[in-house]
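Work through the exercises below with the structure in view. Try each task before reading its solution.

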Amino acid sequence: MTQTHDNRWVKAVTLSPPSLGDNIADTDRLAEALKKSLGTRILRMDLDLLRQLPDRLREWNFRATAVLFKDGGGNGILVHLTAPDSTAPLCGLAVDLGTTRVVLRIIDLSTGAHLGESVFDNPQIAIGPDVLARIHHVEKTDGLKQLNRLIVDGINDALRVLCDRCGISRVNIHLISIAGNTAMTHLLIGLNPRWMIREPYIPVVNRPGVIAAVEMGLDVHPTARALVFPNVGSYFGGDLIAGILYCDLDLREDTAILVDVGTNAEVVLGNRNWMMACAGAAGPALEGGVTRMGTTAGPGVIDRIAIDPDSMAFNIHTIDDQPPRGICGSGVIDLAAALFRSGMIDIRGKLLPERCGNRFTLKDGLGYLTIVPAGQSATGHDLGVTQADLDSLVRSKAAMYTILETITASVGIQQRDLETFYVAGTFGAYIDPASAITIGMIPDLPLARYQSLGNSSLGGATRVLENPACFDRVNQIRDVITYMELNVNQDFMNRFSAARFLPHTDTSRFPSVQSPTTR
């Protein structure tokens with residue numbers, strides 16, 4: 001009798017020994033048992049494993065523990081086979097491959113336990129801070145090779161440290177799941193992304209699929225396999241598909257929306273039957289692009305700001321309560337909302353000197369508002385915003401709201417009818433929805449409808465390693481998405497103009513927001 005015991009991607013198998021009346025090949029005997037447990041018609045295995053199989057099966061009395069995976073076609077792969085009583089950890093690695101930061105998470109494939117995480121700045125920043133700069137660098141001699149080497153080495157170096165911390169060896173990593181935007185995954189695999197930024201904006205591949213980790217240069221078990229999440233064209237990457245998987249948007253009966261603000265603002269609207277997606281440039285102005293003191297979230301970065309309506313004193317909170325050195329996206333939104341509520345800026349986002357008091361000065365002919373005086377900042381310089389910074393923020397918030405309005409209108413849905421509004425990424429982890437509503441960045445919905453997902457890209461990548469059923473959902477999600485191109489959408493441009501006011505030209509859309517003049 002043949003028995004297998006399901007336990008995620010790790011399967012314990014007991015086979016009937018061969019006999020004259022049951023003389024099928026060792027490979028077929030093992031494959032038949034594992035195919036049933038995995039629900040596939042075909043099971044593939046490497047030649048090296050085939051060579052070891054006869055002796056191993058007999059040494060282990062036809063009992064074994066297998067690490068399985070699937071390929072892009074849904075066929076099973078026998079990745080690793082070990083003794084039934086082996087105590088060696090069988091682990092997986094989930095990777096959130098961000099443009100700015102990369103996050104690694106090691107999980108126990110047998111139990112699903114999270115063993116450890118690490119985060120590091122994407123070393124490609126040394127070449128360029130954004131996707132566009134890195135793609136242009138590919139045009140230089142060995143540019144693609146350099147970018148590929150930087151990220152592969154960066155992952156390997158961080159993984160060695162993380163493995164040591166978790167008390168495991170790199171060869172204990174058998175499965176890898178990688179979610180990132182289209183450009184980042186191309187550079188990791190070593191594919192040239194140059195045509196992604198040239199009309200008609202075509203990537204090399206939409207479904208990288210499952211790749212031998214050794215072919216990618218990843219320093220893990222020699223037979224390990226890596227799933228690289230698929231993308232929908234050049235601007236909707238695998239990180240968003242991972243986010244959809246993580247929040248189960250593809251399983252919902254009712255319609256919900258998912259927003260991830262990073263390099264772009266990426267939005268998905270839908271349910272189990274359909275999904276509409278789009279992306280637009282609303283992200284950079286909320287971090288390094290909005291102000292010279294803007295930065296990504298980290299220790300000492302301002303993430304929350306409030307202004308006392310009576311004393312006009314600034315109440316500032318920084319991450320880890322460190323001296324302020326900059327401001328992240330959520331802090332920028334809080335700042336704008338607080339300035340608007342206190343009457344320091346008008347509905348156009350323009351600074352009002354008479355309300356700003358001695359915090360207001362002119363620098364290079366532009367209005368400048370000091371947020372943190374030099375003596376209180378970690379940099380030794382004052383931290384503040386210029387009128388140009390605020391103008392950029394107003395454009396970004398208008399773009400975000402217009403993206404949301406356009407995508408909902410395209411399918412005949414009113415924003416007020418959305419019961420769940422997911423906000424993903426670092427932006428989602430820190431954002432105060434009330435502040436975003438105040439400036440008209442997101443719809444004026446009850447705050448309970450907004451749900452922060454945290455790092456949904458890492459969460460989705462992790463779920464694939466925890467549950468084989470999630471592997472099958474990845475491509476199903478990708479295939480059901482319809483992508484809306486905003487660059488040629490006239491409705492978007494018309495709506496954008498109306499949204500360039502705080503909170504909007506149509507204030508009836510934001511009943512919870514009172515302008516200073518109506519209080």
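**Exercise 1.** In what order do the 6 strands of the open sheet stand, and what is the pairing?

Solution. The model is a predicted one. Step 1: read the strands across the sheet, which gives the order β8-β7-β6-β9-β11-β10. The pairing is mixed. Step 2: look at the two ends of that order. β8 (114-121) and β10 (209-212) are the edge strands; each has a single partner strand, so one side of each lacks a neighbour in the sheet. Step 3: follow the twist, which averages 20 degrees from one strand to the next.

**Exercise 2.** Describe how β7 is joined to β8, and find the helix that lies across both.

Solution. Step 1: strand β7 covers residues 101-108 and runs antiparallel to β8, with 7 bridges joining the two. Strands in a sheet pair through hydrogen bonds of the backbone, in a parallel or an antiparallel way. Step 2: pick out one pair of bridge partners: Leu 104 is matched with Ser 118 in β8. Step 3: helix α4, made of residues 143-166, lies across β7 and β8, and also across β6 (91-97) and β9 (173-180). Its direction is at about 145 degrees to β8.

**Exercise 3.** Is Ile 77 buried or exposed?

Solution. Step 1: locate the residue; Ile 77 belongs to strand β5, residues 76-82. Step 2: compare its relative accessibility with the cut-off. Buried means under 20%, and Ile 77 has 5%, so Ile 77 counts as buried. Step 3: list what Ile 77 touches, leaving out residues up to four places away in sequence; among them are Leu 43, Val 67, Phe 69, Val 210 and Arg 225. Step 4: the C-alpha atom of Ile 77 is 8.3 Å from that of Ile 42, although 35 residues separate the two along the chain.

**Exercise 4.** How many of the 10 residues of helix α7 are buried?

Solution. Step 1: α7 spans residues 238-247, and 9 of its 10 residues are buried. Step 2: the buried residues include Gly 238, Leu 240, Ile 244 and Cys 247. Step 3: just after α7 comes Asp 248, with a positive phi of about 60 degrees.

**Exercise 5.** At what angle do helix α1 and helix α2 pack?

Solution. Step 1: α1 (residues 26-38) and α2 (residues 47-59) pack at about 80 degrees, and their axes are 10 Å apart. Step 2: the range 65 to 115 degrees counts as roughly perpendicular, so α1 is roughly perpendicular to α2. Step 3: the contact is made by Asp 26, Thr 27 and Leu 30 of α1 with Leu 50, Leu 53, Pro 54, Leu 57 and Arg 58 of α2. Step 4: sorted by class, this contact has 5 nonpolar, 1 polar and 2 charged residues.

Terms used: Residues are numbered from 1 along each chain as its sequence is written. This is a predicted model: local features need pLDDT of at least 70, side-chain atom pairs count only at pLDDT 80 or more; totals for chains, interfaces and linings use all residues. Side-chain values use heavy atoms; hydrogens and water are left out. Two strands pair if DSSP finds at least two bridges between them. Helices (H or I, at least four residues) and strands (E, at least two) are DSSP runs, numbered from the N terminus. Axes are lines fitted to C-alpha atoms, for helices over the stretch in contact, and angles run from 0 to 180 degrees between N-to-C directions. Contact means heavy atoms within 4.5 Å. Buried means under 20% relative accessible area, exposed over 50%, partly exposed in between (1.4 Å probe, protein chains only). Angles under 35 degrees count as roughly parallel, over 145 as roughly antiparallel, 65 to 115 as roughly perpendicular and the rest as oblique. Ala, Val, Leu, Ile, Met, Phe, Trp, Tyr, Cys and Pro count as nonpolar, Asp, Glu, Lys and Arg as charged, and the others, Gly among them, as polar.
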